[in-house]
Amino acid sequence: MLRFNKITIQNFGPYYGTQEIHLMPQHGVSFIWGLNGFGKTSFLNAVRYALWGSLANSKHANRPIVNFINEKAVANGENMMVRLDCDYNGKHCVIIRLAERKPYSDGTTKESYDYSLSVSLDAQTLSQEDALKFLSTTLPLNISRFYLFDAELLDQYEKLVEENNDNAELKLEIENILGLPILD
């Protein structure tokens, strides 16, 4: 099992500079609570970016990572980084995704950055192939809504129930929201 201990966010979304969030070391569920517009979804998106290197909107379409680089950081020519410090089966695990600004680029396009992933277990850095395999099997993206749940998704469920009378279409949409098929 992978348990997050510390999350370091640098220039991601509304987070300018370097922010660290330390999570409780006990087993269980962590809740992030706050008023609307104060960065809860951005925090989850930073974790998603670190784990899978991509983000999707509510319609499951990929969103360009460059859109998540903090505007002030873009103006100042700075990089974006998310680091997850975790425990994995008794080993210290570090996952780092970096968007490094290329010299003389304006920072507004995906081509303005070099993107990298680093995963280490007990200070042993994994190859890119092993790192991607580790992440896809340890925390599969297709079920991520169960362990990185954003309560804003509840609005999607409510809209589907109110607007949709076709049970087959409703079932498909709920499967898309949940990220896995509904059991019959």
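**View 1. The salt bridge between Arg-3 and Asp-87.** In this predicted model, Asp-87 is partly exposed, with a relative accessible area of 25%, and its partner Arg-3 is likewise partly exposed, at 22%. The two residues form a salt bridge in which the closest N and O atoms are 3.5 Å apart. This pair connects distant parts of the chain, since Arg-3 belongs to strand β1 and Asp-87 to strand β5, with their positions 84 residues apart in the numbering. Side chains of opposite charge can pair when their charged atoms come close.

**View 2. The pairing of strands β1 and β5.** Strand β1, which comprises residues 2-12, and strand β5, which comprises residues 80-88, run antiparallel and are joined by eight bridges. Within this pairing, Gln-10 is found opposite Met-81 of β5.

**View 3. The salt bridge between Asp-85 and Arg-83.** The side chains of Asp-85 and Arg-83 come together in a salt bridge with an N to O distance of 2.7 Å. Asp-85 counts as buried, because its relative accessibility of 6% falls under the 20% limit, whereas Arg-83, at 28%, counts as partly exposed.

**View 4. The salt bridge between Asp-114 and Lys-102.** A salt bridge is also formed by the side chains of Asp-114 and Lys-102, for which the N to O distance is 3.8 Å. Distant parts of the chain are linked here, with Asp-114 located in strand β7 and Lys-102 in the loop between β6 and β7, 12 residues apart. Asp-114 is partly exposed at 43% relative accessibility, and Lys-102 is partly exposed as well, with a relative accessible area of 30%. A search of the whole structure finds four salt bridges, and the pair of Asp-114 and Lys-102 is one of the salt bridges identified in the model.

**View 5. The open sheet and its edges.** Six strands, arranged in the order β2-β1-β5-β6-β7-β8, make up an open sheet whose pairing is antiparallel. The edges are occupied by β2 (residues 15-22) and β8 (residues 124-125); each has a single partner strand, so that one side of each remains without a neighbour in the sheet.

**View 6. Helices α1 and α3 lying across the strands.** Helix α1, formed by residues 40-52, lies across β1, β2, β5, β6 (91-101) and β7 (113-121), and runs at about 105° to β1. Helix α3, formed by residues 128-138, lies across β1, β5, β6 and β7, and its direction makes an angle of about 70° with β7.

Definitions and conventions:
Residues are numbered from 1 along each chain as its sequence is written. This is a predicted model: local features need pLDDT of at least 70, side-chain atom pairs count only at pLDDT 80 or more; totals for chains, interfaces and linings use all residues. Side-chain values use heavy atoms; hydrogens and water are left out. Two strands pair if DSSP finds at least two bridges between them. Helices (H or I, at least four residues) and strands (E, at least two) are DSSP runs, numbered from the N terminus. Contact means heavy atoms within 4.5 Å. Axes are lines fitted to C-alpha atoms, for helices over the stretch in contact, and angles run from 0 to 180 degrees between N-to-C directions. Buried means under 20% relative accessible area, exposed over 50%, partly exposed in between (1.4 Å probe, protein chains only).
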